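This report walks through a protein structure for someone meeting it for the first time. Please keep the sequence and the model in view while reading.

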Amino acid sequence: MMESLTVFANFFASAIRLTAPIALGTLACTVSERAGVINIGIEGTMLFSGFTAAVGTWYSGSPWVGLLCGGLGGVLISAVLGVLAIYCNGQQIVIGIGINLFAPGLAYMMMRALWDTTGISPWIAGFERLDIPVVKEIPVISTLLSGYPVCIYLGILAVAAMQFLLHKTVWGLRIRSVGENPAAVAALGINVYRLRMFAVLLGGFFAGMAGSVMCLSSANVFVNNMSAGSGFMAFAANQFGHWSPFGGYLATLLFGVMSAFRMRLQSLGVATQLTQMIPYAAVLLGLRLTGARLRAPAANGAPYIHPLAVSRVRKKQAGQCAENMGNTDQGDCI
């Protein structure tokens with residue numbers, strides 16, 4: 001009995017380790033989309049952040065500096081999304097696809113310039129395992145709860161903190177409201193653009209942490225294209241979890257279990273081509289089972305244009321129309 005429990009604990013602990021970067025990426029999508037901005041560029045953001053985390057760790061020798069650099073790298077890429085989508089009213093899906101193409105290319109170019117390689121970075125220092133004092137003495141529980149790198153615990157704390165902030169604070173109410181009805185939020189005198197931009201940048205920091213965890217939790221290197229679709233899984237997990245930090249984490253746990261199951265099948269000699277599709281099949285099945293009940297924030301993906309800006313544009317168009325027609329009565333042009 002104890003042996004079976006130990007095997008289960010090891011399997012689930014492996015799933016938690018595999019879940020960590022996807023969970024943080026899911027949290028990034030949740031924060032951004034709750035404010036009404038679709039972040040499909042999460043894959044490119046995570047990959048570029050993994051590179052900046054590797055660079056920061058390589059130069060400083062400290063994974064904590066690398067984690068901070070990874071977060072700032074995510075903020076930098078997300079700032080591009082925020083400016084183009086929020087202030088320039090760009091098409092958010094197109095911008096996200098552009099980020100997924102641009103960010104890996106930028107990392108590839110900088111990797112070649114710094115280390116004269118395009119495949120794998122030099123070895124970097126990673127986070128040590130954290131053994132919880134009392135828990136580590138309990139046989140099965142210690143495997144489930146203790147012995148993970150510090151950054152994995154930070155990711156779980158981030159999910160819990162955002163669950164509280166989004167649903168129990170005034171700031172969280174404003175974020176959720178601006179994703180549902182930005183005009184009503186603006187009527188209260190709150191700057192919709194600033195609130196959305198802050199949410200996108202905060203999501204970018206979490207995405208940066210996700211990329212950092214990929215490098216600093218176990219691999220201790222940066223590998224070109226090491227995200228391997230984790231960002232897209234995070235984007236799907238956000239919807240599967242109904243745009244909730246806690247729900248998104250549970251969804252990523254399911255995908256982590258499927259990834260651990262894939263690795264176990266590979267160790268038994270099952271063809272790699274077959275096992276690699278298991279996590280993605282779980283994503284598709286999850287979306288299929290919950291698709292009819294999904295309800296995204298009402299203003300998700302819709303650019304917000306302030307009514308005064310619309311009024312100014314209409315007056316300008318009316319004035320141009322009257323000038324072109326040689327008519328001073330602008331009412332005929334409206």
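## The largest pocket

In this predicted model, the largest pocket holds about 560 Å³ of space. Its lining is made up of 23 residues, and those closest to the centre of the pocket are Leu-18, Pro-21, Met-214, Met-226 and Ser-230. Several helices contribute to this lining, since two or more residues each come from helix H1 (2–34), helix H9 (192–219), helix H10 (230–240), helix H11 (245–267) and helix H13 (278–290).

What is the chemical character of the residues that line the largest pocket? They divide into 12 nonpolar, 8 polar and 3 charged residues.

## The enclosed cavity

When the whole structure is searched for cavities of 30 Å³ or more, 1 is found. The largest cavity has a volume of about 60 Å³, and the residues that line it are Ile-16, Ala-20, Ala-23, Leu-24, Ile-152, Gly-155, Ile-156, Val-159 and Tyr-249. The elements that supply two or more residues to this lining are H1 and helix H6 (150–168).

By class, the lining of the largest cavity consists of 8 nonpolar residues and 1 polar residue, with no charged residues. Helix H1 is thus named in both linings, as it also gives two or more residues to the lining of the largest pocket, just as it does for the largest cavity.

## A nonpolar patch on the surface

Turning to the outside of the model, Val-80, Val-83, Leu-84 and Tyr-87 make a nonpolar surface patch of about 330 Å². One of these residues, Leu-84, has its place in helix H3 (residues 63–87). Leu-84 counts as partly exposed because its relative accessibility is 37%, a value that lies between the limit of 20% for buried residues and the limit of 50% for exposed ones.

Helix H3 also holds Ile-77, and this residue is in a contrasting setting, being buried with a relative accessible area of 4%. Ile-77 and Ala-207 are 130 residues apart in sequence, while their C-alpha atoms are 9.8 Å apart in space.

## The salt bridge

How many salt bridges are counted in the model? The count comes to 1 salt bridge, in which the side chains of Asp-116 and Arg-112 meet with a distance of 3.6 Å from N to O.

The two partners fall into separate accessibility classes: Asp-116 counts as exposed because its relative accessibility is 62%, whereas Arg-112 is partly exposed, with a relative accessible area of 47%.

## Loop residues with positive phi

Asn-89 has a positive phi of about 55 degrees, although this residue is not a glycine. Its place is in the loop between H3 and helix H4 (92–115), and at 33% relative accessibility Asn-89 counts as partly exposed.

His-242, which is likewise not a glycine, has a positive phi of about 60 degrees. This residue is found in the loop between H10 and H11, where His-242 has a relative accessibility of 35% and so counts as partly exposed.

## Buried residues and their partners in space

Is Gly-147 buried or exposed? Its relative accessibility is 1%, and therefore Gly-147 counts as buried. The residue is placed in the loop between helix H5 (139–145) and strand S2 (148–149), and its C-alpha atom is separated by 7.4 Å from that of Ile-132, which is 15 residues away along the chain.

Another glycine, Gly-248, lies in helix H11 and counts as buried at 1% relative accessibility. Gly-248 and Phe-235 are 13 residues apart in sequence, and their C-alpha atoms are 9.5 Å apart in space.

In helix H4 lies Ile-99, which counts as buried because its relative accessibility is 5%, a value under the 20% limit that marks buried residues. Which distance separates Ile-99 and Thr-45 in space? From C-alpha to C-alpha, Ile-99 and Thr-45 are 7.3 Å apart, although they are 54 residues apart in sequence.

Methods: Residues numbered from 1 in each chain as written. Predicted model: local features only at pLDDT ≥ 70, side-chain atom pairs only at ≥ 80, totals over all residues. Heavy atoms only, no water. Patch = residues over 30% accessible without salt bridge, like charges linked within 9 Å, V, L, I, M, F, W, Y side chains within 5 Å. Areas by Shrake-Rupley, 256 points an atom, 1.4 Å probe, with all protein chains shown as cover. Salt bridge = Lys/Arg side-chain N within 4 Å of Asp/Glu carboxyl O. Helix = DSSP H or I, 4+ residues; strand = E, 2+ residues; numbered from the N terminus. Buried < 20%, exposed > 50% of the residue type's maximum accessible area, 1.4 Å probe, protein only. 1 Å grid on protein atoms, 1.4 Å probe; cavity = no way out; pocket = protein on both sides within 12 Å on 5 of 7 lines; lining within 4 Å. Points joined across faces, edges and corners; volume = space filled by probe spheres on them. Nonpolar A, V, L, I, M, F, W, Y, C, P; charged D, E, K, R; others polar.
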